[in-house]
Amino acid sequence: MEYANLGRAGVKVSRICLGTMSFGTNEGWMVEMEDARKIVARALDLGINFFDTANAYSHGRSEEIVGTLLKDVREDVVIASKVFFPTGERPNDFGLSRYHILREIDRSLKRLKTDHLDLYQTHRWDYTTPIEETLQALDEVVRSGRARYIGASSMYAWQFAKALFTADRLGATRFTCMQNHYNLCYREEEREMIPLCKDQGVAMISWSPLARGFLTGKYLRRKKADTMRYRTDHYLANRFFRPEDFDVVERNVEVAKEKGVKPAQTALAWLLKKGITAPILGATKVEHVEEAVEALSVKLSSDDIRRLEEPYKPHGTIGPVDPSYVPPY
Ligand SMILES: NC(=O)c1ccc[n+]([C@@H]2O[C@H](COP(=O)([O-])OP(=O)(O)OC[C@H]3O[C@@H](n4cnc5c(N)ncnc54)[C@H](OP(=O)(O)O)[C@@H]3O)[C@@H](O)[C@H]2O)c1
């Protein structure tokens, strides 16, 4: 395993983070405790020390599973969770208000069976709460010892810039990392967010690094998709599957074949080469973790990178939300 600092922070994280949105019962493609146990055990064996969950995943079930499976190694792992999406239907059951953050951190800690998170992340931008209120609440979470670092997930670059400089103005804890949507099929982050993060020394930990499995080559242009994830993950079919997305996948499969590795591995190796500290892999099988870790030794030349990137066509925004957005519960 390789380890890297999380941006300017001293903490070291494995260069593959295990995402755990796949743990729980919310949708048919997810796995429950017994399968999750095997995946986490193998991840730990292979040196993965970085795990990402969220209070909203399967209504808290993902956090419960992660808490159970990591409690014996709690001192050796870096646990990240998130807040923003609804946890109920009442007016204060979502968002980044001081009210919601201070309530949700304690609920997350209880489900995760720990007294602190290593990384607490905002899951989206909250247009209804001043960023000052959010940052001061997060600062309080850190100062009270309930989180070691804070991070943010998908938002527009202007919002992240505003948050970073507002934290400086307030003397509050600054975001250490950005969990953004970035993969070979979705590269809109290269316009503004990635240059901002590089300039500010903010680590990037990308979500859906395999475009929800689309980049692995398991979906073919002229064949009806029929995996459990395709049938039950509402976002997969809507986000990819354009003819130009298949151009990217087919090129990725071609480059992987030439190198004698799996398409999942070239897709991850590309992210690592682009300066992503730790792609957040989604796994529903032990082999997914094994293949991801092997991707650390896949070497891509500048010609490989050029060929992998060549077919990309701009995408509509996937990740940041607009003011009219109504979060689903
Ligand atoms: N911040 C956010 O808003 C946000 C949003 C989404 C996700 N996330 C985080 O990112 C993590 C990953 O998201 P994701 O599940 O969409 O990521 P992903 O890594 O792009 O996709 C994971 C899927 O790819 C397939 N896969 C993985 N490794 C494979 C391999 N070696 N060979 C073949 N297929 C493979 C599996 O599909 P099958 O199950 O069909 O086999 C798996 O479910 C989540 O767990 C979560 O922690 C964050």
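**Exercise 1. Identify the bridge partner of cysteine 177 in β9, and place the pair in its strands.**

Solution. Step 1: cysteine 177 has alanine 203 of β9 as its bridge partner. The model is predicted, with local features requiring pLDDT of at least 70 and side-chain atom pairs pLDDT 80 or more, while totals for chains, interfaces and linings use all residues. Residues are numbered from 1 along each chain as its sequence is written, and side-chain values use heavy atoms, without hydrogens and water.

Step 2: strands and helices are DSSP runs numbered from the N terminus (E, at least two residues, for strands; H or I, at least four, for helices). Two strands pair if DSSP finds at least two bridges between them. Strand β8 covers residues 175–179 and pairs with β9 in the parallel sense over two bridges. Methionine 178 has methionine 204 in β9 as its bridge partner.

Step 3: the chain passes from β8 through helix α6 (residues 193–200) to β9 in a right-handed β-α-β crossover. Right-handed here means that, with the strands pointing away from the viewer, the path from the first strand over the helix to the second runs clockwise.

**Exercise 2. Describe how β7 is connected to β8, and state how far β8 is covered.**

Solution. Step 1: β7 (residues 147–153) runs parallel to β8, and four bridges join them. Serine 153 stands opposite glutamine 179 in β8.

Step 2: with helix α5 (residues 157–170), β7 and β8 make a right-handed β-α-β unit.

Step 3: five of the five residues of β8 are buried, where buried means under 20% relative accessible area, exposed over 50%, and partly exposed in between (1.4 Å probe, protein chains only).

**Exercise 3. Give the strand order of the sheet and explain what sets β9 and β10 apart.**

Solution. Step 1: the open sheet has eight strands in the order β9-β8-β7-β6-β5-β4-β3-β10, with parallel pairing.

Step 2: β9 (203–204) and β10 are at the edges and have a single partner strand each, so one side of each lacks a neighbour in the sheet.

**Exercise 4. Characterise the surroundings of the ligand.**

Solution. Step 1: the ligand is surrounded by 28 residues, the closest being Asp52, Ser208, Leu210, Thr284 and Glu291; a residue is near a molecule if one of its heavy atoms lies within 4 Å of it.

Step 2: the shell divides into nine nonpolar, 11 polar and eight charged residues. Ala, Val, Leu, Ile, Met, Phe, Trp, Tyr, Cys and Pro count as nonpolar, Asp, Glu, Lys and Arg as charged, and the others, Gly among them, as polar.

Step 3: polar contacts are pairs of N or O atoms within 3.5 Å. A polar side-chain atom of serine 153 lies 2.8 Å from a ligand nitrogen atom, and one of histidine 123 lies 3.4 Å from a ligand oxygen atom. A polar backbone atom of arginine 212 is 3.0 Å from an oxygen atom of the ligand.

Step 4: the protein covers 93% of the 910 Å² of accessible area that the ligand has on its own (Shrake-Rupley method, 1.4 Å probe). Two or more shell residues come from each of β10 (280–282) and α11 (286–294), and β10 gives the largest share, three residues.

**Exercise 5. Locate threonine 284 and classify its accessibility.**

Solution. Step 1: threonine 284 sits in the loop between β10 and α11.

Step 2: its relative accessible area is 26%, so threonine 284 is partly exposed.

Conventions. Polar contact = N/O pair within 3.5 Å; in protein donor to acceptor, adjacent residues only side chain to side chain.
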